[in-house]
Amino acid sequence: MNIVVLVKQVPDSGAERNLRSDDSTVDRGSASNVINEMDEYAIEEALRIREAHGGEVTVLSMGPAGAAESIRKALSMGPDGAVHVVDDALHGSCAVATSKVLAAALRTLSPDLVLCGAESTDGRVQVVPHMLAERLGVAALTGARKLTVDGGTLTVERQTEEGYEVVTAPAPAVVSVWDTINEPRYPSFKGIMAAKKKPLRTLALADLGIPADEVGLAGATSAVVEHSQRPPRSGGQKITDGGDGGVRLVEFLAAEKFV
Amino acid sequence: MVERILPTPDAGDLLDLATELADRELAPRANDDEARSRFPADVIRTVGRAGLLGLPYPQGDGGAGQPYEVYLQVLEILASRWLAVAEAVSVHTLACYPVARFGSAEQRKLLPEMLGGDLLGAYCLSEPQGGSDAAALTTRGVRDGGHYVVTGTKAWITHAGRADFYNVFCRTGGPGPDGISCLLADARTPGILPQRPERTMAFRASPVAQIVFEDARVPADRLVGGEGQGFRIAMSALDGGRLGIAACAVGLAQAALDYAVGYARERTQFGRPIIDFQGLGFLLADAATQISAARALMLHAARLRDAGRPHSAEAAKAKLFATDTAMKVTTDAVQVLGGAGYVSDHPVERWMREAKVLQIVEGTNQIQRVVIARHLARS
Ligand SMILES: Cc1cc2nc3c(=O)[nH]c(=O)nc-3n(C[C@H](O)[C@H](O)[C@H](O)COP(=O)(O)OP(=O)(O)OC[C@H]3O[C@@H](n4cnc5c(N)ncnc54)[C@H](O)[C@@H]3O)c2cc1C
């Protein structure tokens, strides 16, 4: 099976994150950047399918030059190669434009299966997998907590608030996954060394035949008009126990709907 | 952050990987597993899959081809998060040494599995009546056709009951070091009987127990080196093993120092952070100095080893100094925390108890001095 995994480099969600003051895009310069967490689960799932059914796993990423570091990290887990779409004109692309670029790149790779995380921790819009499937004219099996491949048939357990739905579609399809689907492996030291020698191909917009004004800030279908810093944490409420401390704690928890 | 000079960019990647594993897989579990005496088999498997169970062995054998200089710094990082796991890696690496260095072509075929992290090893030298005086060991191996029949009792065996293979040092000949041989025994061999784990002072996630050998039949082709070579093999393995213990000690001491410094910067008494009192600042300065010295000594011995030069005395010095440093620094860390240091809400009292074992294993620190003094007398 020819599998392509979408990988996005994002600012570490555990660290302080900011939007840029000039154009309100995510500041990728100040934070430490990592592989979007959910994408690691997609990579793991792809590797498991390759182990069981054979085939090839290719990482596809759209992002600035610095994203190459995360792509190498992804490769160290075990994929065979990677494609990096990098072009200055892509800066500030909205989800619609992102899906256009990724779909164009995917067409050059003709995958049997596209795997990706259900959301990225920076944008969190959860729409790219659906848009991609629409553009490619294939099924979107989103929010999977389990994926089975049986010949050319893909079956997922689609996680919902109440439980799960079983959804089936023929390959090729786009499958997005949640972190309940598996436990991603660590890269091995051998994997890290091997990743340095794996093919990493870069593509520019021109290679995909996409005009620069259809993407980036210029072609964005949505715009961040303004943003402000999260207000500093207020001091919180101190409860001094005068005999009724327990009751007041419970009242607080109930008011905040924790209990 | 410890500033390090590494021989290759690959080594930097390896240390990053070790740090990630240590922070994400070791640190969150250490306290709880130690409190419950739980051997973290799954963590060791994760560490093995990442390739850390065969670091200083050739790539052709399934190892990572790393110099000792790098391997020891990986151990140090692991030990700074959880001593038991670092020690497990060190003991396993020690247990692979006899076959890797002295094994027959046939035995070496086992190496990929041993070094790849699928199998865990143990090293059975000590006995109830013979610890420091290892050459007096009494476990017997008697040749019977195609097998050695092993009888006797080994003591203090790390990974007893958990290991997949045991290096068994036993007497196949007369008394003294020349009568000792090394056998590589499969743990499933009938008659190899691990006993109840010892109730240790600390370091309880690492299982240690006696192993009784009751007519255990080990195939004769599992004799490593020749008959009578066992003691030489055991001692040469320990040169590397002692460096492993030194690395564990440096990591543990560094963890204790970092913790104590963090606390001393936050804790105020008499209106200022306690680190600003010279009495405490100097104590921490001494600890930092001793740790740097221990690390330098350990790396020097490792570089001698990597260059193929004699290093037994330097390894003994490194083990002696690093483990004494770990004992002192962890004890002082408890002092820095005051009452808080004495309770298990903070890890420093556990580290202090853990440090003690490092002064005892792989040759007590008295025995390290014996090695160093003997070297001085001869050279
Ligand atoms: C947690 C733990 C794990 C261990 N793991 C292993 C393992 O995996 N494999 C293994 O083979 N062994 C292992 N050991 C055993 C360890 O190596 C021995 O405990 C150690 O070598 C000391 O031997 P002993 O306990 O018999 O003490 P003894 O040899 O009886 O020593 C008692 C005291 O006498 C001192 N002493 C002895 N001889 C001299 C001398 N010539 N000069 C000055 N002082 C001397 C010692 O320093 C010590 O202070 C482990 C021990 C522990 C506690």
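**Exercise 1. The contact between the chains.** Determine how many residues of chain B are in contact with chain A, and which elements of chain B supply them.

*Solution.* Step 1: apply the contact criterion, by which two residues are in contact if their C-beta atoms, placed from the backbone, lie within 7 Å. In this predicted model, 10 residues of chain B are then in contact with eight residues of chain A. Step 2: assign them to elements, where helices (H or I, at least four residues) and strands (E, at least two) are DSSP runs numbered from the N terminus. Two or more residues on this side of chain B come from each of α1 (9-35) and α2 (41-49) of chain B. The largest share, five residues, belongs to α1(B). Step 3: sort by class, counting Ala, Val, Leu, Ile, Met, Phe, Trp, Tyr, Cys and Pro as nonpolar, Asp, Glu, Lys and Arg as charged, and the others, Gly among them, as polar. The side of chain B that touches chain A has five nonpolar, two polar and three charged residues.

The model is predicted: local features need pLDDT of at least 70, side-chain atom pairs count only at pLDDT 80 or more, and totals for chains, interfaces and linings use all residues. Residues are numbered from 1 along each chain as its sequence is written, while chains are lettered from A and ligands numbered from 1 in the order in which they are written.

**Exercise 2. Domains and ligand.** Locate the ligand with respect to the domains of chain B.

*Solution.* Step 1: list the domains, whose bounds come from an automatic or database domain assignment. Chain B is divided into domain 1 (9-115), domain 2 (121-230) and domain 3 (232-378). Step 2: examine domains 2 and 3 of chain B, whose C-alpha centres lie 30 Å apart. Here 12 residues of domain 2 of chain B are in contact with 10 residues of domain 3 of chain B. The side belonging to domain 2 of chain B comprises eight nonpolar, four polar and no charged residues. Step 3: consider the shell of the ligand, a residue being near if its C-beta atom, placed from the backbone, lies within 6 Å. Of the 21 residues around the ligand, B:Gly131, B:Ser132, B:Trp156, B:Thr364 and B:Gln366 come nearest. At least two shell residues each are supplied by β1 (121-124), β3 (147-158) and α11 of chain B. Both domain 2 and domain 3 of chain B contribute to the shell, so the ligand lies between them.

**Exercise 3. The sides of a helix.** Identify the buried and the exposed residues of α11(B).

*Solution.* Step 1: describe the helix. Helix α11 (residues 365-378) of chain B has 14 residues and reaches 20 Å from its first C-alpha to its last, close to the 20 Å expected at 1.5 Å a residue; the expected span is 1.5 Å times one less than the number of residues. Step 2: a residue is buried if 20 or more other C-beta atoms, placed from the backbone, lie within 10 Å of its own, exposed if 12 or fewer, and partly exposed in between. The buried residues are B:Ile367, B:Gln368 and B:Val371. They lie on the same side of α11(B) because they cover an arc of only 110° around the axis, taken from the directions from the helix axis to the C-beta atoms. Step 3: the buried residues of α11(B) pack against α9 (312-337) of chain B. The face turned away from the buried side carries the exposed residues B:Gln366, B:Ala373, B:Leu376 and B:Ala377.
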